[in-house]
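Grab a coffee and work through these exercises with the model open beside you. Each one sets a task and then walks through the solution.

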Amino acid sequence: MVSNREPYIHERNKKGIRCKMPVGGLVAAIDPVMQRTRGVWIAWGSGNADVETADEKGRILVPEDDPRYTLRRVWLDPKEVNEYYYGFSNRIIWPVCHLFQEKARLLPEYWETYKRVNQRFADATLEEARPDDHIWIQDVHFTLMPAALREELPGNNIALFWHIPFPPWETFSCIPWRKEILGGMLGADLLGFHTASYVANFLGAVKKEFPEAQVSTSAVRYRGRITRVRAFPIGIDYNKYREMSSKDSLRRRAGQLRNKISVQQIILGVDRLDYTKGILNRLLAFEKFLDTHPRYLGKVSFIQVASPTRSAISEYREMKQHIEETVGRVNGKFQRPQWTPIIYINRHMPGDEILMLYRIADVAMVTPIIDGMNLVAKEYVAVNDNGVLILSEFAGASEEMDSAIIVNPYDLDGMVKALEEALSMTPEERARNMEPLRELVKEHDIFWWLSSFLEEWGVELKMDEGAVDEIVAGTRRAR
Ligand code: ADQ
C-alpha cells in the first residue's frame, strides 16, 4: 500500500509519545487487510515523533501492541512538503481536477519536486516489494509511480485509486505535464475512480494524448499492456456510524443540545473549508431563502461546520475571509436577540460532536461545486432516519443517491426552492425519502467498495480463500 498519509502517526507532547490513527474510513478499511496480508504500507512520515520511533530505513511494525505489518515511512523536508504536497498536489492537480483551472499555479519547480518525491516513494517501494506482490497506490499524489514501478517490476499487479473527480481532457490539458501524468498512471493494471463519468473523462484524455492507444469503455491497451479502468464508488463504515450514533449517551447529549437551540428546524453543512465545497453559495441561498420566506425568520437556523484545511495556501485564506464576512453580514441583517440565523463553527470537531449534529439536523445541505464523492452525504443518511438530504448534482455521491433532493449549487433560486421543499416535508415524507438512501449507504459501504476493488483486481493477495469476506466479517465483529 502506498499513500500520502500514514495509518499510524507518532506525536510527542508534554506527556510523552502518543501513537494516533487518523480518523477516516480509508485507513479503517485498509488497515485490517494489511494486518491480514502482513504487507508493507509506505507513506510520508509526518508526525513529529515519527523518526525516533522508526528504524534507520523508516520502518516500524504496527500496530505496536500486536505487530502485524510494516509501516515504511518516507521522509520529506519542508521544501518538498511545500512543493510536492501543497504545490503540485494541492495547487495544480486539486484545482484542475475540480474545474478551477484559474486557481492552478503551474510552477515548474512544483513539477520537479513532485517527480522527485514520486521517485523517492518508488525507490522505497522497490526496496520493499517482492516479485509477486500486489501494489496498491492511493490518490493523486503518486501518478508517476505505476510506470516507474512497472519498469522494474514488469510482472507485479499494480493498482491506483483516484479519490477526486477526473475532469474532461479540455480542462486537464491545462497541466503542461499532462502526458507524463497519464503515462505514469497507465503503468497500472487497474485504475479506480468514484463514478462512471470520471472513468469516461480519463479514457477521453488518454485517447487525446495517446492516439496510438486502443481505448474501450473500461480498458486501455498501450505499449502492449492492458490497464483496466473502472468506477468503484467509495462508501462509509455504515454499521459503525449506526452504532456510534445510537449509543444512549450520544442520544442524550444530542437531545440536550437540540433543546438548547430554540428553533423549529435546523439545517446543517459539514465540510472542510475548501473552495470546492460550495459553502459560500449555500450561505447565499440561505440568505435568499430568509429574504423570500420571512415566515421562517426566527424559526430555522443554519449550522455550518467548516474545518480549517490547507491554510498555508492563499486561496484558502481568502475564501475563509469571504465566508466569514458573509456570515457576519447575513447574521447582522436578520439576527434577533433570541435567534442566530447562521451558527458558524470554524474548527475540526470531534467525531461524536459531528454525529450529534447529524442527529439533530432536519436538513443536511451537501452542495459542493464539485466533489469526487462526498462522504458527509453518506454519513448523514447513516445517522439520521428522519432528515432530508439536499445534494449537489456535481457531487460524485449524486450518481447513486439520486433520490435525495438534487440541486445545482450555482442556481441559488433552485437551492431556495429545495430548502422550502425540505423544510415543509411531513415526518412521513421524510422517512419515506430517506429509506432508499439509507439502504444504498448500508449496501454500498466501505467494505463493499474494498471487496469490489480487490475482486476486480483479481487479488487473492496470498490470503486463504474467502479471506476478504473474513476480513470484512472480522472487522464487523471487532466493533
Ligand atoms: P474530502 O474532500 O476530505 O475527501 P469528504 O468525502 O466529504 O471530503 O470527507 C470529509 C470527512 O471529514 C468526512 O468524514 C467528514 O465527517 C469529516 N469532516 C468534515 N468536516 C469536519 C469537521 N469540521 N470536523 C470533523 N470532521 C469533519 C476526498 C474527496 C471526496 C471523497 C473522499 C474519499 O474530496 O470527494 O469522498 O476523498 O474518497
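**Exercise 1. Place Asn374 and describe its backbone and its cover.**

Step 1: Asn374 sits in the loop between S16 and H14, where helices (H or I, at least four residues) and strands (E, at least two) are DSSP runs numbered from the N terminus.
Step 2: look at the backbone. Asn374 is not a glycine, yet its phi is positive, at about 95 degrees.
Step 3: check the cover. Asn374 counts as buried because its relative accessibility is 6%; buried means under 20% relative accessible area, exposed over 50%, and partly exposed in between (1.4 Å probe, protein chains only).

Before you go on, two bits of housekeeping. This is a predicted model, where local features need pLDDT of at least 70 and side-chain atom pairs count only at pLDDT 80 or more, while totals for chains, interfaces and linings use all residues. Residues are numbered from 1 along each chain as its sequence is written, and side-chain values use heavy atoms, with hydrogens and water left out.

**Exercise 2. Find what Gly372 touches.**

Step 1: Gly372 is also placed in the loop between S16 and H14.
Step 2: with a relative accessible area of 2%, Gly372 is buried.
Step 3: list the contacts (heavy atoms within 4.5 Å). Skipping neighbours within four places in sequence, Gly372 is in contact with His98, His163, Ile164, Pro165, His194, Thr195, Tyr198 and Gly396.
Step 4: take one of those partners, His98. Gly372 and His98 are 274 residues apart along the chain, but their C-alpha atoms are separated by 8.4 Å.

**Exercise 3. Work out how covered H14 is and what packs against it.**

Step 1: H14 runs over residues 375–383, and 8 of its 9 residues are buried, so call it mostly covered.
Step 2: name the buried ones. They are Val376, Ala377, Lys378, Glu379, Tyr380, Val381, Ala382 and Val383.
Step 3: see what they pack against. The helices are H9 (238–246), H13 (351–360) and H16 (427–443), and the strands are S13 (265–272), S16 (363–366) and S17 (388–392).
Step 4: zoom in on H16, which holds Met434. Met434 is buried, at 1% relative accessible area.
Step 5: leaving out residues up to four places away in sequence, Met434 touches Tyr380, Val381, Asn384, Asp385, Gly387 and Val388. Met434 and Tyr380 are 54 residues apart in sequence and 10 Å apart in space, C-alpha to C-alpha.

**Exercise 4. Track down a cis peptide bond and another positive phi.**

Step 1: the peptide bond from Val62 to Pro63 is cis, with omega near -15 degrees.
Step 2: Pro63 is in the loop between strand S5 (59–62) and strand S6 (69–74).
Step 3: now jump to Arg310, which has a positive phi of about 45 degrees without being a glycine. Arg310 lies in the loop between strand S14 (300–307) and helix H12 (314–334).
Step 4: Arg310 counts as buried because its relative accessibility is 14%.

**Exercise 5. Is Glu83 buried or exposed, and what does it contact?**

Step 1: find Glu83 in helix H3 (residues 78–97).
Step 2: at 10% relative accessibility, Glu83 counts as buried.
Step 3: beyond its neighbours within four places in sequence, Glu83 is in contact with Phe88, Glu109, Tyr110 and Thr113.

**Exercise 6. Count the disulfides and explain the result for Cys97.**

Step 1: set the rule: a disulfide is a pair of cysteine sulfur atoms within 2.5 Å. That gives 0 disulfides.
Step 2: the closest cysteine sulfur to that of Cys97 is in Cys174, 9.1 Å away, so it's too far for a bond.
Step 3: compare the cover. Cys97 is at 0% relative accessibility and counts as buried, whereas Cys174 is at 26% and counts as partly exposed.

**Exercise 7. Test the whole chain against a compact globule.**

Step 1: take the radius of gyration over C-alpha atoms and use the globule rule, 2.2 Å times the number of residues to the power 0.38.
Step 2: for 479 residues, a compact globule would come out near 23 Å; the protein chain has 23 Å, so the two agree.
Step 3: add the extent. The C-alpha trace spans about 70 × 50 × 45 Å along its principal axes.
Step 4: add the make-up. The chain has 18 helices and 18 strands, and 57% of its 479 residues are buried.
Step 5: finish with contacts. Of those with a separation of 6 or more, 74% join residues 24 or more positions apart.
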